[in-house]
Amino acid sequence: MDYFLTEEQTMIRDLARRIAREKVVPVRAEMDEKEQFPWEVMRVLAESDMCGLYIPQEYGGFGGGVFELCLATEELSRVCGGVAVTFAANGLGTYPILLFGSDEQKKKFLPGIASGKRLAAFALTEANAGSDAGGIQTTAVLDGNEYVLNGTKQWITNGGEAEVYTVIVMTDKSKGTRGATALIVEKGTPGFEFGKKEKKMGIRCSSTRELVFTNCRVPKENVLARPGMGFIVAMKTLDNTRPGIGSQAVGIAQGALDEALSYARQREQFGKPISSFQAIQHMLADMATQIEAGRALVYATARFIDSGAKDISRASAMSKLFTSDMAMKVTTDAVQVLGGYGYMREYPVEKMMRDAKITQIYEGTNQIQRNVIALQLIKESASA
Ligand code: COS
């Protein structure tokens with residue numbers, strides 16, 4: 001399908017596709033096996049000016065938006081979900097600064113991220129605050145010109161490797177979600193340490209780690225928006241980045257279809273390639289149709305967000321919900337097309353199935369996405 005990409009967008013997609021094929025495919029299985037962070041690939045992406053796609057030119061970026069981020073993420077996901085999430089989580093860590101940073105904060109933090117010299121990360125989740133994002137317990141108490149942070153963030157993508165973290169903390173517990181604050185915390189700040197590194201089912205080359213704050217002092221200039229706005233910073237950030245999860249899901253599913261098609265054409269049973277059997281053909285047709293529907297939804301949502309639209313929560317949640325459920329189904333079917341071979345590590349589809357699972361979970365479970373969509377629908381219908 002032609003999505004009428006501009007010349008620049010076509011170049012971004014093609015460049016990401018080339019990097020994916022030439023630099024990621026040869027190392028993805030080994031990085032997955034060894035749980036090795038993809039620094040080499042990130043360096044190539046940085047040298048190719050891919051880290052600043054969604055950052056305005058005045059801060060050293062390309063000047064694109066969510067759509068450009070999605071295009072590149074999709075191509076990386078097509079070959080490796082772990083590399084793709086490392087790249088996309090850099091965007092998740094950057095969006096709070098893009099959306100809510102002052103000009104001074106943007107000048108300080110964005111050029112380093114745009115050039116790929118520094119990675120970013122976003123820290124909201126805690127052991128007892130996952131779906132219930134308002135239940136965070138990490139505290140920050142103002143002492144003179146500094147906030148003093150205490151608490152532990154859990155499952156932070158790019159944790160340990162990133163230099164710049166947007167951390168959501170409680171500055172006034174009595175106010176509930178209105179007592180949360182977003183703070184930029186830099187790696188190396190005394191009292192900021194990295195804890196447990198998680199061992200995961202999929203996206204194994206990416207880093208998922210605890211952030212531990214013990215009397216960590218952060219200058220109050222690092223508050224994004226203003227104190228008490230942290231929950232809104234988090235929600236609006238996720239509204240902007242959930243289509244990125246959608247593009248991960250579309251890419252992973254497309255990669256699985258690529259593998260299933262190529263296998264089905266070559267594999268012979270009963271004296272014929274299995275692609276000549278209707279049972280296989282119908283599976284491939286369903287996979288391709290679902291992927292195209294998902295891609296169309298992600299692209300439309302990304303363009304809608306980049307147009308400056310205000311009410312983006314519902315479309316954003318839909319783009320993540322539909323595509324991640326689709327990717328789980330498509331990757332499972334790809335394993336089925338490959339049969340016993342699909343279950344073996346020699347072929348990439350088993351990794352794709354493992355990688356797809358997380359897209360139904362992170363940046364809000366699909367049950368939370370359904371809540372967001374339903375509440376919005378009911379609200380709109382009541383005011384119609
Ligand atoms: N944009 C702007 N404001 C928003 C918003 C959004 N997308 N979502 C919520 N808000 C506002 C609400 O309007 C409300 O404002 P008021 O205080 O003025 O009434 C406030 O934020 C609290 O909202 P709500 O009452 O809906 O909060 P809940 O505690 O019920 O939580 C959900 C809402 C479940 C949607 C939220 O906790 C969530 O998104 N959870 C998933 C978190 C997640 O994605 N985690 C993954 C880890 S991050 S990688």
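This is a walk through the domains, their shared interface, the ligand site and the salt bridges of one structure. Keep in mind as you look that the model is predicted.

Let's start with the overall layout. The domain assignment splits the chain into three parts: domain 1 covers residues 7-119, domain 2 covers 121-230, and domain 3 covers 232-383. Try finding domain 1 and domain 2 in the picture; their C-alpha centres are 22 Å apart.

How do domain 1 and domain 2 meet? On one side, 27 residues of domain 1 take part in the contact, and they face 25 residues of domain 2. Putting the two domains together buries about 2,300 Å², and 59% of that area comes from carbon and sulfur atoms. On the domain 1 side, the residues that lose the most area to domain 2 are Glu35, Arg118 and Leu119, which together account for 26% of what that side buries.

Now look at the charged and polar pairs across this interface. Five salt bridges are counted between domain 1 and domain 2. Glu35, which you have just met, forms a salt bridge with Arg204, and their closest N and O atoms are 3.4 Å apart. There are also 12 residue pairs in polar contact across the interface of these two domains.

Which elements of domain 1 give two or more residues to the side that touches domain 2? They are α2 (28-34), α5 (81-100) and α6 (103-114). Of these, α5 gives the most, with 12 residues. If you sort the residues on this side of domain 1 by character, you get 14 nonpolar, eight polar and five charged.

Next, let's visit the ligand. It has 19 residues around it, and those that come nearest are Ser131, Arg178, Asp239, Arg242 and Gly364. Three of these names are worth following down to single atoms. Ser131 uses its backbone: a polar atom there is 2.8 Å from a nitrogen atom of the ligand. Arg178 uses its side chain instead, with a polar atom 2.5 Å from an oxygen atom of the ligand. Gly364 places a polar backbone atom 3.0 Å from a ligand oxygen.

Finally, step back to the salt bridges of the whole structure, where a search finds 27. One of them joins the side chains of Arg43 and Glu40, with an N to O distance of 3.3 Å. Where do Arg43 and Glu40 sit relative to one another in helix α3? Helix α3 spans residues 39-47, and the two are three residues apart in it, so about one helical turn separates them.

Terms used. Residues are numbered from 1 along each chain as its sequence is written. This is a predicted model: local features need pLDDT of at least 70, side-chain atom pairs count only at pLDDT 80 or more; totals for chains, interfaces and linings use all residues. Side-chain values use heavy atoms; hydrogens and water are left out. Domain bounds come from an automatic or database domain assignment. Contact means heavy atoms within 4.5 Å. Buried area is the accessible area (1.4 Å probe) that two parts lose on being put together, summed over both. A salt bridge is a side-chain nitrogen of Lys or Arg within 4 Å of a carboxyl oxygen of Asp or Glu. A polar contact is a pair of N or O atoms within 3.5 Å; within protein, one must be able to donate a hydrogen and the other to accept it, and residues adjacent in sequence count only if both atoms are side-chain atoms. Helices (H or I, at least four residues) and strands (E, at least two) are DSSP runs, numbered from the N terminus. Ala, Val, Leu, Ile, Met, Phe, Trp, Tyr, Cys and Pro count as nonpolar, Asp, Glu, Lys and Arg as charged, and the others, Gly among them, as polar. A residue is near a molecule or strand if one of its heavy atoms lies within 4 Å of it.
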